[in-house]
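This briefing is for a reader who has not met this structure before. It covers the ligands and the residues around them.

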Amino acid sequence: MSQAQPLTGKTALVTGATHGIGMAIATGLAGAGATIVVNDVFPEKLEAAGAEYAQNGIQAHTYELDVTDEAAVERAIPIIEEEVGPIDILVNNAGIIKRIPILEMPADEYREVLDVNLAGPFIMGRAVAKGMVERGGGKIINMCSMMSELGRNTVSAYAASKGGLKMLTRNMATEWARHNIQVNGIGPGYIATAQTAPIRVDGHPFNDFIIGRTPAGRWGTPEDLAGTAVFLASKASDFVNGHVLYVDGGILATIGKPANEE
Ligand code: NAP
Ligand code: GCO
């Protein structure tokens, strides 16, 4: 296991890795030597992603799997471990957002966000950790958010889910650290993906606000998160547990500044 390839011999399952942050993280883990397994709900997206990974020289093992479907997950993990190998690294990346003010938000839409973003990592984590406990170790990385710490108009369900995910991360670490399983979170700032496209339009007030609110003065890229994922997936983080590492261009470090201030 070389410095350049710290994940050689490891198998990593990255949920929702057919594009965006998930694909960038899976690509980063592959670059560090890991074998990659990715899932999504839609077979056509999996096929397209499989081709895109292959174009980049990565053999991604693809599985159609909804992270909220408990029975399907419990069936799929043993099959994946049989067909690809024991899962050493789980990245709970799959997530959705609905931007609706609380007073107008139907409870079923609220629950849907909580289901994918909070029950999903629980269901996936529990299914994969069973094998990790038996094998004496593993790594779990939960995709948190600025909304694990901050509120924002219209994203109540999302914020509740990401706040909850920070605490699920801490509790997974509390229960599994003694089995040499490190559970940590990544807290991306504002990253340019399909999920943020509606608020990243030139001239959209939020777009200008975020660029001004981020000390780095830009939107993050999915690739900005890959190095952190490799660190949290490798031996370098063997004594890091229950921590959320924010990769946000400095948003949480500052109160921000008036638009006209240099
Ligand atoms: P994205 O482009 O919308 O990707 C989300 C992925 O999750 C997609 O592949 C989606 O599949 C998949 N997914 C959704 N529901 C699923 C389910 N039930 N089962 C399996 N897969 C499912 O979003 P992103 O921006 O890359 O975000 C990835 C993660 O980072 C999310 O957890 C998000 O909350 C978090 N995050 C994003 C930002 C940001 O600024 N972009 C910042 C902080 C945190 P389909 O495409 O088929 O729907
Ligand atoms: C929003 C954005 C955010 C980002 C991210 C920030 O509408 O505010 O979509 O929620 O996705 O989670 O860290």
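Which pocket is the space taken by ligand 1? That space is the largest pocket. The model is predicted, and the points below take each ligand in turn.

**Ligand 1: surroundings**
- There are 30 residues around ligand 1, and Asp40, Lys45, Asn93, Tyr158 and Thr193 come nearest.
- Sorted by class, the shell of ligand 1 holds 14 nonpolar, 12 polar and 4 charged residues.
- At least two shell residues come from each of helix H1 (20-31), strand S2 (35-40) and helix H5 (156-176).

**Ligand 1: polar contacts and cover**
- The side chain of aspartate 40 has an N or O atom 2.7 Å from an oxygen atom of ligand 1.
- For threonine 18, a side-chain N or O atom is 3.2 Å from an oxygen atom of ligand 1.
- Glycine 95 uses a polar backbone atom, 3.5 Å from an oxygen atom of the ligand.
- On its own, ligand 1 has 880 Å² of accessible area, of which the protein covers 91%.

**Ligand 2: surroundings**
- The space that ligand 2 takes is the largest pocket.
- Around ligand 2 there are 14 residues, with Arg99, Ser145, Arg152, Tyr158 and Gln195 coming nearest.
- The shell consists of 8 nonpolar, 4 polar and 2 charged residues.

**Ligand 2: polar contacts and cover**
- Arginine 152 places a polar side-chain atom 2.6 Å from an oxygen atom of ligand 2.
- An N or O atom in the side chain of arginine 99 is 2.7 Å from an oxygen atom of this ligand.
- Tyrosine 190 has a polar side-chain atom 2.8 Å from an oxygen atom of ligand 2.
- Ligand 2 taken alone exposes 330 Å², and the protein buries 96% of that.

Note on methods:
Residues are numbered from 1 along each chain as its sequence is written. Chains are lettered from A and ligands numbered from 1 in the order in which they are written. This is a predicted model: local features need pLDDT of at least 70, side-chain atom pairs count only at pLDDT 80 or more; totals for chains, interfaces and linings use all residues. Side-chain values use heavy atoms; hydrogens and water are left out. A residue is near a molecule or strand if one of its heavy atoms lies within 4 Å of it. A polar contact is a pair of N or O atoms within 3.5 Å; within protein, one must be able to donate a hydrogen and the other to accept it, and residues adjacent in sequence count only if both atoms are side-chain atoms. Accessible areas come from the Shrake-Rupley method with a 1.4 Å probe; for residues, only the protein chains shown count as cover. On a 1 Å grid over the protein atoms alone, a cavity is a set of points where a 1.4 Å probe fits but cannot get out, and a pocket is an open set with protein on both sides within 12 Å along at least five of seven lines; lining residues have an atom within 4 Å of a point. A molecule sits in a cavity or pocket if more than half of its atoms lie within 2 Å of its grid points. Ala, Val, Leu, Ile, Met, Phe, Trp, Tyr, Cys and Pro count as nonpolar, Asp, Glu, Lys and Arg as charged, and the others, Gly among them, as polar. Helices (H or I, at least four residues) and strands (E, at least two) are DSSP runs, numbered from the N terminus.
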